[in-house]
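This report describes selected features of one protein model. It covers strand pairing, a helix residue and the enclosed and open spaces.

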Amino acid sequence: MWTYQNPVEMIFGNGALALLPELIAGRSYALITYPDKFFADIAAEISAKAGDALLTIKDVAPNPDTSLLTEQSKRFQKLAKKPEGIVALGGGSVIDSAKVFAASDGDFNKVFNILQMNDCDGTLDTIPLIAVPTTAGTGSEVTCWATLWSSETQQKFSLAHKELYPEKALIDPTLTLKKPRDLTLVTALDALSHSLESIWNINANPVSAKFAIAAAKSILRDL
């Protein structure tokens with residue numbers, strides 16, 4: 001017996017980023033991204049067309065650490081009102097961090113309790129998330145998982161909750177074109193690794209296997 005479900009609406013194509021203001025649809029939002037000029041320029045475009053973000057978090061770490069996530073989550077408490085949405089613009093670390101903020105409501109302890117209790121089915125009041133990936137990488141834009149680290153305890157955590165699927169995944173391949181060669185290579189190999197893992201995973205099914213094989217063939221051809 002097997003099942004397959006993915007509730008994320010995916011929009012894929014060159015120039016798809018132009019649709020982001022339409023997806024934000026006048027809602028107040030927080031923007032999660034990196035500090036590089038590339039992302040700052042895109043953020044300025046988003047702001048011009050969709051309005052300014054209530055909060056911009058741009059100091060995301062490559063491997064999100066619980067101590068930094070705790071401090072970043074508190075920034076939401078300083079807002080006069082809760083954002084109606086979160087836009088995650090960047091790689092897997094940005095999207096994973098955004099899921100933490102969507103679940104924490106300004107208090108990282110809420111997320112930590114989920115990690116400790118492994119409660120992926122309990123009630124969770126989340127902020128809707130739009131994911132805009134800029135690398136091949138993890139595919140976090142279509143999952144309900146986020147990977148976190150604790151440098152203090154040398155632990156790796158997997159945050160998983162059914163309410164953490166992004167509502168939209170806006171995938172614009174042109175966003176990858178100006179990335180450094182090494183970053184393009186390692187994120188493609190990351191995606192290849194995930195594809196192969198999906199084939200031999202104990203939870204594999206005919207639908208996931210078909211996607212995984214197609215992805216692996218495409219990545220090997222392009223590399």
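Which residue of β4 stands opposite Ala-30? The model is predicted, and in it the residue opposite Ala-30 is Ile-86 of β4.

**Strand β2 and its partners**

Strand β2 covers residues 29–32, and its side chains are divided between two directions: Tyr-29 and Leu-31 point one way, Ala-30 and Ile-32 the other. Each of these four residues is buried. In general, side chains in a regular strand alternate between the two faces of the sheet.

Two pairings of β2 are described here. With strand β4 (residues 85–90), β2 runs parallel and is joined by 4 bridges. With strand β3 (residues 55–57), the arrangement is also parallel, and 3 bridges make the connection. Ala-30 takes part in this second pairing as well, standing opposite Leu-55 in β3. Between β2 and β3 the chain passes through helix α2 (residues 37–50), and the resulting β-α-β crossover is right-handed.

**Gln-72 in helix α3**

Helix α3 spans residues 66–74 and contains Gln-72. Is Gln-72 buried or exposed? Its relative accessible area is 1%, below the 20% limit, and Gln-72 is therefore buried. Leaving aside residues up to four places away in sequence, Gln-72 touches Ile-57, Asp-59, Val-60 and Phe-101.

**Cavity and pocket**

Rolling a probe the size of a water molecule over the atoms shows where empty space is left. Across the whole structure, a search finds 1 cavity of 30 Å³ or more. The volumes of the largest cavity and of the second largest pocket are listed below, together with the classes of their lining residues.

| Space | Volume | Lining by class |
|---|---|---|
| Largest cavity | about 30 Å³ | 5 nonpolar, 2 polar, 1 charged residues |
| Second largest pocket | about 150 Å³ | 5 nonpolar, 1 polar, 3 charged residues |

The lining of the largest cavity consists of Ile-24, Arg-27, Ser-28, Tyr-29, Gly-85, Ile-86, Val-87 and Ile-130. Which element gives the most to this lining? It is β4, with 3 residues. Tyr-29, which belongs to β2 and is buried, is also among the residues that line this cavity. Ile-86, the residue opposite Ala-30, is another member of the lining.

The second largest pocket is lined by Leu-17, Phe-38, Asp-41, Ile-42, Glu-45, Thr-174, Leu-175, Leu-177 and Lys-178. Among these, Phe-38, Asp-41, Ile-42 and Glu-45 fall within the residue range 37–50 of helix α2.

Notes
Residues numbered from 1 in each chain as written. Predicted model: local features only at pLDDT ≥ 70, side-chain atom pairs only at ≥ 80, totals over all residues. Heavy atoms only, no water. 1 Å grid on protein atoms, 1.4 Å probe; cavity = no way out; pocket = protein on both sides within 12 Å on 5 of 7 lines; lining within 4 Å. Points joined across faces, edges and corners; volume = space filled by probe spheres on them. Nonpolar A, V, L, I, M, F, W, Y, C, P; charged D, E, K, R; others polar. Buried < 20%, exposed > 50% of the residue type's maximum accessible area, 1.4 Å probe, protein only. Pairing = 2+ DSSP bridges. Right-handed = clockwise from strand over helix to strand, strands pointing away. Contact = heavy atoms within 4.5 Å.
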